[in-house]
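Subject: Structure handover

Hello,

Here is the structure I said I would pass on. My notes come after it.

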Amino acid sequence: MLRTLVDSVKIVTKIGNNVISSTSRVNSSCFPSLNLSCGSSATQSPLCNSASFHTSLPRSKVEGRKEMLASTPTKDEGTEGEKLIVVDSMLKRRDDVFPDEDTPSKLFDGIPFSELPVCNIRASPNNTILSISNSKGEVKMLRSCGMEGFKNTRKGTNIAAQATAISLSSLAVSQGYKTVRVKVQGLGPGRMSAIKGLQMGGLNIISITDNTRVSWNPPRPRKQKTL
Amino acid sequence: MTSRHAAFIARTVFVKDNNIEDACKLLNRILGREGILDQYRRTRFYEKPFQLRRRINYEKCKAIYNEDMDRKIRFIMRKNRTDPYPGY
């Protein structure tokens, strides 16, 4: 049994040797510069062993970090669907999904669109603040994840945002608000789940507006974080 | 907190049949396509001039590569034959 094993290993090494010599020949004809390294490995050992390849330490360290970063889950910014490409569905629904010149006077539950109360959501990486204001911008009620009892890092989670939104929207319903338009600002985990929570709490959402402040020539931002 | 774009006209999506997820996805997709979210993320921290240069050069190279690759794919996929299933 052992002998047969040894024999088979020998055959494998032979095959390996042949393969390597043939590849080295090919290399010598095509890429003369590669000849040296490949040829030497073939003469030293029948199979290519990893010890003949030189890798420097810092490089492997960098790769380790890259692997680590690749394995970590992506941060939830509430921007699901950002990279999605579905052309057909966009074309199909184009007619009534976007506002036009008649939208401000369009009636929703007997109230024109421009007179509807607004729910402002400010989603930042560390917190989510929701407020309901009338059409002139006077804030009627305000809730944030911190006020809801979530503290420190737990404030900046989608669960906290959803719980806050549900409590705010049930409060709003009890005060007689039915339909709102939603204005979202900033990127954070609470961006999408807050809107979902508003609906779960009983409010009827007419439209979603993005109000993130973006400038193409901003004042100089703060310096980058060192990793 | 006023913004330069017309509020509730620009960057606005109506919710159809209480389907919030679709509306959000559509809005996010448009913002992502237009590069608004990218610009927002980029301007959270100062981008040093060398980083700006490297990013712009990388984007130029990528655009050239993509254009070429697109042309190649179209060349390979081109066909000049009668439709085998007329009427479908």
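The notes below cover one helix, the cores and the interface between the chains.

This is a predicted model, in which local features need pLDDT of at least 70 and side-chain atom pairs count only at pLDDT 80 or more, while totals for chains, interfaces and linings use all residues. Residues are numbered from 1 along each chain as its sequence is written, chains are lettered from A and ligands numbered from 1 in the order in which they are written, and side-chain values use heavy atoms, with hydrogens and water left out.

Helix α7 of chain A spans residues 190-200, and 8 of its 11 residues are buried (under 20% relative accessible area, 1.4 Å probe, protein chains only). Helices are DSSP runs of H or I with at least four residues, strands are runs of E with at least two, and both are numbered from the N terminus. Among the buried residues of α7(A) are M192(A), I195(A) and L198(A). Their cover includes β3, β4, α6, β6 and β7 of chain A, together with α1 of chain B. Just after α7(A), G202(A) has a positive phi of about 115°.

The largest nonpolar core (buried Ala, Val, Leu, Ile, Met, Phe, Trp, Tyr and Cys residues joined through side-chain atoms within 4.5 Å) has 36 residues. I195(A), L198(A) and I205(A) are among those with the most contacts inside this core. α1(B) gives the most to this core, with 6 residues. Leaving aside neighbours within four places in sequence, I205(A) is in contact (heavy atoms within 4.5 Å) with residues of both chains, including V182(A), I195(A), V15(B) and I20(B). A second, separate core of 7 residues includes F108(A), F113(A), L116(A) and F8(B).

The contact between the chains takes 53 residues from chain A and 41 from chain B. The buried area (accessible area, 1.4 Å probe, that two parts lose on being put together, summed over both) is about 4600 Å², and carbon and sulfur atoms give 60% of it. E82(A), I208(A) and D210(A) supply 13% of the area that chain A buries against chain B, more than any other three residues.

Across this interface the rule finds 6 salt bridges (a side-chain nitrogen of Lys or Arg within 4 Å of a carboxyl oxygen of Asp or Glu). D210(A) forms a salt bridge with R11(B), with the closest N and O atoms 2.8 Å apart. On the side of chain A that touches chain B, the largest share, 7 residues, comes from β7(A).

Regards

Conventions
Buried < 20%, exposed > 50% of the residue type's maximum accessible area, 1.4 Å probe, protein only.
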